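Here is a short briefing on one sheet and what surrounds it. Start at the hairpin and work outwards.

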Amino acid sequence: LAETNKKVFLEIIDSLKEIKKPMLHGGKNSWRLYDEGVSITGLPRQYRKMLCKGWTEFDIKSSQLAIVSSRWNIPSIHKFLSDRNSVWDLFFNAFPVADDEYDETKRFFKQSLYSIVFGKLEVNIAKEYDNLFGTGAGAKFSKIWLVRDLFDAREAEITRLANAPQGRHYSLAAGMSSSVNNYFKTGMSKSELKKFESTGTMPYTQRKRITSVMAQEVQMIEMAILSPVIDLAEKNSKNYVITLWQHDGFSVKFLNASKRDAYTQVITNGFQANLDSLKHFNIPTYLEYEHL
């Protein structure tokens with residue numbers, strides 16, 4: 001490890017020794033829960049797994065991609081995920097790396113994929129690929145069929161929200177359509193309209209506001225899928241506890257090792273039952289897990 005990384009990770013570990021119980025808080029323009037201060041999630045996955053031996057990590061498979069494949073109407077990606085194919089196989093086939101670079105490279109791929117969902121410009125993501133893999137890698141990244149379909153669908157969704165009646169988007173995901181006073185503003189302000197009239201291009205401030213709305217919708221659905229696992233854990237508190245919250249997943253400690261497999265099934269069945277109850281979202285995902 002680079003000395004700077006080593007220093008940061010060791011400081012996190014030292015700080016964790018002083019924290020008795022992790023706390024979570026909300027954030028502005030986000031529906032996710034974030035760690036308060038230093039957290040074990042600040043460590044790379046391989047080190048976190050070393051510290052969490054005996055826990056089980058649960059993750060929603062390709063969570064955000066699965067949600068947008070439905071919300072943004074991307075049939076190619078929806079079918080790809082429904083058939084339980086791996087997104088990372090596509091990336092590693094395009095950009096093969098040595099085994100000891102796998103985890104760090106996958107982390108980079110994940111960040112770039114999330115960047116598309118959260119609205120980052122294609123040219124900026126391409127530059128990051130050029131910097132890591134060499135000139136031309138950005139263009140290669142953009143030509144991966146899944147990436148291309150995702151970018152095209154995102155831009156179409158931005159255009160759709162920009163042209164919403166009265167510049168207002170009522171989100172089904174948030175249940176906001178029940179009140180005429182609850183909406184996301186996606187239209188132009190007077191100053192933005194002036195810029196548009198002079199340039200013919202969507203103002204950056206409007207685009208940023210719209211991509212924030214799109215990201216929040218994904219987060220809302222993610223929370224709707226995941227939050228019932230907390231209720232389930234409370235009902236089964238004598239058998240297991242949730243030890244870590246990770247946006248699109250969570251970690252569990254089973255209090256009786258002999259019942260681990262049985263209650264792993266309870267958790268996965270409960271997740272699937274909740275997902276089935278949200279059929280109108282039509283999300284092609286499932287809960288995967290790893291015993292550490």
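In this predicted model, strands β6 and β7 form a hairpin. The turn between β6 and β7 has 3 residues. His-247 sits in that turn, with a positive phi of about 65 degrees.

**Hairpin pairing**
- Strand β6 covers residues 240-245, and strand β7 covers residues 249-254.
- The two strands run antiparallel and are joined by 5 bridges.
- Within this pairing, Val-241 stands opposite Lys-253 in β7.

**The sheet**
- The hairpin strands belong to an open sheet of 4 strands, ordered β6-β7-β3-β8, with antiparallel pairing.
- β6 and β8 (287-291) are the edge strands; each has a single partner strand, so one side of each lacks a neighbour in the sheet.
- On average, neighbouring strands of the sheet are turned by 25 degrees against each other, direction ignored.
- Strand β3 (residues 56-60) runs antiparallel to β7, with 4 bridges between them.
- Thr-56 has Val-252 in β7 as its bridge partner.

**The packed helix**
- Helix α13 (residues 260-277) packs on the sheet and touches β3, β6, β7 and β8.
- The direction of α13 makes about 160 degrees with that of β8.

**Confidence**
- The protein chain averages a pLDDT of 91, and 97% of the residues score at least 70.
- Confidence is highest in helix α4 (residues 75-82), at a mean of 97.
- Strand β2 (residues 34-35) has the lowest confidence, at a mean of 84.
- Where pLDDT is low, predicted coordinates should not be read in detail.

Methods. Residues numbered from 1 in each chain as written. Predicted model: local features only at pLDDT ≥ 70, side-chain atom pairs only at ≥ 80, totals over all residues. Heavy atoms only, no water. pLDDT = per-residue confidence, 0-100. Pairing = 2+ DSSP bridges. Axes fitted to C-alpha atoms, helices over the stretch in contact; angles between N-to-C directions. Contact = heavy atoms within 4.5 Å.
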